[in-house]
Amino acid sequence: MLILLLVWFIVDASQREAYGWQYVGKYVFDKRISAAALVTLQLTVYSMVIGIVLGLVLAVMRLSPNPVVKSISWLYLWIFRGTPVYVQLVFWGLFSLIYPQLFLGVPWTDIGFDFDLGFMQNAFVIAVIGLALNESAYMAEIVRAGLLSVDQGQEEAATALGMSWWQTMTRIVIPQAMRVIIPPTGNEVISMLKTTSLVAAIPLTTDLYGVARDISAVTYTPIPLLIVASLWYLLFTSILMVGQYFLEKRYSRGVNARRPDRQEPALATGALPAAGAPDGNDLGGKG
């Protein structure tokens, strides 16, 4: 039924002039659109890299036994997860007007130095900072959940074997945590790709949606240009989904809880056969 509805929609849309398919074909590979698509990719990559690194730091702070460090991390997450990203981008766009300079030094004294915030007038830089700070709050919870998913006995066993903290994290904890971290991180990357369309709040108009909107304002073809932007977003999203699939497959090796067809009969319930005992396919005898 759904397939029939989809076919009907495609046939009907192909016959409606309002979609302006001739303009879709004209602008889908336009140089301005291609350059804007590159800017969108740059925003996504830079913001996610900074967001992941900062999220890792915040996750470690949340797990710290120090109440001050833990409280700072919690306050950061409360603010950036509790306010809309569009509002945050508007604020960062006005930040250089509110604080043209920052003084770093001893309070109530002249000891210190002024920090010029002129770089905050660059719309691209502001967009990356705003998106990254918002994303780091979500990545912190994803990383924290991944680290907590690894049984504490794994760390104790590694310590008993004489492994250092760094060896335990890189060889034992993180590889197992990646199975939990990768899927939501892939979703966050895809979400970030689409969230870049909100940088108009700064305002930044060189991204994919911004350029498509500007062209449509001149040519009076809003629907065809929305379709053009959507096609590019779908292309990037499809590529990211393929990459996410192979990453998940890479880090879920040896975990067959969801694949009963690959489980051994004796392992289907998690039970291990006793040494020397016949398995489920053994008819008995000595062979």
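# Close-up views of a predicted model

The structure holds five salt bridges. The model is predicted. The views below take in some of these pairs, two nonpolar cores, a helix cap, a strand residue and the annotated segments.

**View 1. Asp12 and Arg16 pair through their side chains.** The salt bridge joins N to O at 2.6 Å. Asp12 is partly exposed, at 22% relative accessible area. Arg16 is partly exposed too, with a value of 47%. The cut-off for buried is under 20%, so Asp12 at 22% falls outside that class.

**View 2. Asp30 and Arg32 form a salt bridge.** Their closest N and O atoms are 3.1 Å apart. Asp30 counts as buried, at 17% relative accessibility. Arg32 counts as partly exposed, at 45%. The pair therefore joins a buried acid to a partly exposed base.

**View 3. A salt-bridge network links Arg62, Arg81, Glu141 and Arg144.** One bridge in this view runs between Arg144 and Glu141, with 2.9 Å between the closest N and O atoms. Both residues belong to helix H6, residues 123–148. They sit three residues apart, about one turn of the helix.

**View 4. The largest nonpolar core has 36 residues.** Leu43, Tyr76, Trp92 and Val199 touch the most other members. Five elements give two or more residues each: helix H3 (31–62), helix H4 (67–82), helix H5 (85–98), H6 and helix H8 (165–195). H6 gives the most, with 11 residues.

**View 5. Tyr76 is shown with its contacts from beyond four places in sequence.** These partners are Leu54, Leu58, Leu133, Ser136 and Ala137. A second core, separate from the largest one, has 18 residues. Val24, Val28, Ala37 and Trp232 are among them.

**View 6. Asp151 caps the N-terminal end of helix H7.** The helix spans residues 152–160. A side-chain oxygen of Asp151 lies 2.7 Å from the backbone nitrogen of Gly153. Just after H7 comes Gly162, with a positive phi of about 90°.

**View 7. Gln101 lies in strand S1.** The strand covers residues 101–105. Gln101 counts as partly exposed, at 48% relative accessibility. Leaving out residues up to four places away in sequence, Gln101 touches Asp114, Phe115 and Asp116. The C-alpha atoms of Gln101 and Asp116 are separated by 4.9 Å. Along the chain, these two residues are 15 residues apart.

**View 8. Segments carry the UniProt annotation "transmembrane region".** The annotation comes from an unreviewed entry and covers residues 37–63, 75–99, 119–138 and 223–247. In the model, residues 75–99 are 88% helix and 0% strand. The end C-alpha atoms of that segment are 22 Å apart. Residues 223–247 are 100% helix and 0% strand. Here the end C-alpha atoms are 36 Å apart.

How values were computed: Residues are numbered from 1 along each chain as its sequence is written. This is a predicted model: local features need pLDDT of at least 70, side-chain atom pairs count only at pLDDT 80 or more; totals for chains, interfaces and linings use all residues. Side-chain values use heavy atoms; hydrogens and water are left out. A polar contact is a pair of N or O atoms within 3.5 Å; within protein, one must be able to donate a hydrogen and the other to accept it, and residues adjacent in sequence count only if both atoms are side-chain atoms. Helices (H or I, at least four residues) and strands (E, at least two) are DSSP runs, numbered from the N terminus. A salt bridge is a side-chain nitrogen of Lys or Arg within 4 Å of a carboxyl oxygen of Asp or Glu. Buried means under 20% relative accessible area, exposed over 50%, partly exposed in between (1.4 Å probe, protein chains only). A nonpolar core is a set of buried Ala, Val, Leu, Ile, Met, Phe, Trp, Tyr and Cys residues joined through side-chain atoms within 4.5 Å. Contact means heavy atoms within 4.5 Å. UniProt positions are given in the numbering used here, feature names are shortened, and annotations may be inferred rather than shown by experiment.
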